[in-house]
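This report walks through a single protein chain, taking up local backbone features, helix packing, strand pairing and selected side-chain environments in turn.

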Amino acid sequence: STPLGQRFGALGISLVSPGSSGKAITRSPETATVEEASRVSPSSPLPVKRLELVDAKDEAPKPRRLTGRSPLLRPKDLPSLFAEIDADGDGVLGRDDLMSYLGEYLGYGEAEIIAFLDAHGSEKGVTQEAFKKGLKELNAYNVHDRKNQVIVRKPGAFGGMEGVDFHIEDCSGCTCLVCDKSEEFYADALVDCRVLVGPCASSTFIRNCENCTFWVATRQFRLRDCTNCTFYLHCHTEPVIELSKELRIAPLCAKYPGLTRHFQEASFDPKLNFWSAVFDFTGRSDGANWKIQPLDKCEELTVAFKGCSDQADGPCPLLTQDL
């Protein structure tokens, strides 16, 4: 198949099939480069497509990062919060103010910040009143009613807290990359979305989704009312599905800076994965509602952030026919 080059906001994305002899185009907001897609022999361990997402920033020193709960969650003193973000003190939040506070301190992705600035800012920036009206869109733990956006929570975006629940619902055409640990993860009513779920210590619930792709590391996996979706799973118990059809399932194949450490902190064993031990509450006698994704159709997701010296990593084994 012919490799694809795509672009989502401020992320450069390349989708490469190593088995192809063609060329893959990697695009970023500043540049587009062409790199050869090498041919892989039949004995190669990973003849899968690779989807790489790269935040478009230059190398920079590591910034301070949030510890504890997000200050954007129901702030008691909005003027003080606004003043803290307004680093230059000019009374409006410009691009640099938002990139520094939301991106470097809170761990949001650049594309989401730019979308917020475009929606609520003027030529000078975002006023305090506009910031107040749009604040619910910056919820660190709940993404709701988005279309064609890239939403990122970088490693550390949850401030090292335990017991964080993350919700994404009523979104279409979005890419959501949660590169941090959570306690429970909920995805509801998504259409044409791509979602990465970092290690979830308890349960991941996915409901009423259509034409989506998920990369999920979780202890328990629960699925209901989904159609035509692909799941790359690391699961410590039997995945449970119900009232769903046209599903494709394969082992987790994803990387981001710190994923190996997050597995260790969540006490996840990379070698213990019940991804294929699916229990279907509504199985049919005339056919199955799910199938194993063919190896040559699998996609490996790699998330890397420019400006971050840490390389993308992951503890899971390479995909092979043996898995």
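In this predicted model, helix 2 is followed by Gly-107, a residue whose phi is positive, near 80°. The helix that precedes this glycine spans residues 95-105, and its buried residues are Asp-97, Leu-98, Met-99, Tyr-101, Leu-102, Gly-103 and Tyr-105. The cover over these buried residues includes helix 1 and helix 3, the latter formed by residues 110-120.

**Packing of helix 1 on helix 2**

The axis of helix 1 (residues 78-85) comes within 9 Å of the axis of helix 2, and the two cross at roughly 105°. Because angles of 65 to 115 degrees count as roughly perpendicular, helix 1 and helix 2 are described as roughly perpendicular to each other. On the side of helix 1 the contact is made by Leu-81, Glu-84 and Ile-85, and on the side of helix 2 by Asp-97, Leu-98 and Tyr-101. Sorted by character, the residues of this contact are four nonpolar and two charged, with no polar residue present. The three contributors from helix 2, namely Asp-97, Leu-98 and Tyr-101, also appear in the list of buried residues of that helix.

**The chain as a whole**

The secondary structure of the chain comprises five helices and 19 strands. The chain has 323 residues, of which 48% count as buried. Among contacts with a separation of 6 or more, 52% join residues that are 24 or more positions apart.

**Strand pairing around strand 11**

Strand 11, which covers residues 194-207, runs parallel to strand 9 (residues 175-178), and four bridges join the two; Thr-175 stands opposite Arg-194 of strand 11 in this pairing. Strand 10 (residues 184-191) also pairs with strand 11 in the parallel sense, over four bridges, and here Phe-185 has Thr-204 of strand 11 as its bridge partner. Strand 12 (residues 213-224) is joined to strand 11 by 10 bridges, again in a parallel arrangement, with Arg-222 of strand 12 as the bridge partner of Phe-205.

**Asparagines with positive phi**

Two residues that are not glycines can be set side by side for their backbone angle, their location and their accessibility.

| Residue | Phi | Location | Relative accessibility |
|---|---|---|---|
| Asn-211 | about 55° | loop between strand 11 and strand 12 | 32%, partly exposed |
| Asn-228 | about 55° | strand 13 (residues 227-235) | 26%, partly exposed |

Asn-211 thus has its positive phi in the loop between strand 11 and strand 12, whereas Asn-228 has its positive phi within strand 13.

**Cysteines**

How many disulfides does the structure hold? The structure holds zero. For Cys-171, the closest cysteine sulfur is that of Cys-174, at 4.7 Å, which is too far for a bond because a disulfide needs the two sulfur atoms within 2.5 Å. Cys-171 counts as buried, at 2% relative accessibility. Cys-229 is likewise in no disulfide, and the nearest cysteine sulfur, belonging to Cys-212, is 4.8 Å away. With a relative accessible area of 0%, Cys-229 is buried.

**His-236 and Pro-315**

Is His-236, in the loop between strand 13 and strand 14 (240-242), buried or exposed? Its relative accessible area is 13%, and His-236 is therefore buried, the cut-off being under 20%. Leaving aside residues up to four places away in sequence, His-236 touches Thr-218, Arg-219, Ser-267, Phe-268, Asp-269, Leu-272 and Phe-274. Of these neighbours, Thr-218 and Arg-219 fall within the residue range of strand 12, 213-224.

Pro-315 lies in the segment after strand 19, which is formed by residues 299-305, and at 23% relative accessibility Pro-315 counts as partly exposed. The C-alpha atom of Pro-315 is separated by 8.3 Å from that of Lys-255, although these residues are 60 residues apart along the chain. With residues up to four places away in sequence not counted, Pro-315 touches Leu-259, Thr-260, Phe-263 and Pro-270.

Note on methods. Residues numbered from 1 in each chain as written. Predicted model: local features only at pLDDT ≥ 70, side-chain atom pairs only at ≥ 80, totals over all residues. Heavy atoms only, no water. Pairing = 2+ DSSP bridges. Buried < 20%, exposed > 50% of the residue type's maximum accessible area, 1.4 Å probe, protein only. Axes fitted to C-alpha atoms, helices over the stretch in contact; angles between N-to-C directions. Parallel < 35°, antiparallel > 145°, perpendicular 65-115°, else oblique. Contact = heavy atoms within 4.5 Å. Nonpolar A, V, L, I, M, F, W, Y, C, P; charged D, E, K, R; others polar.
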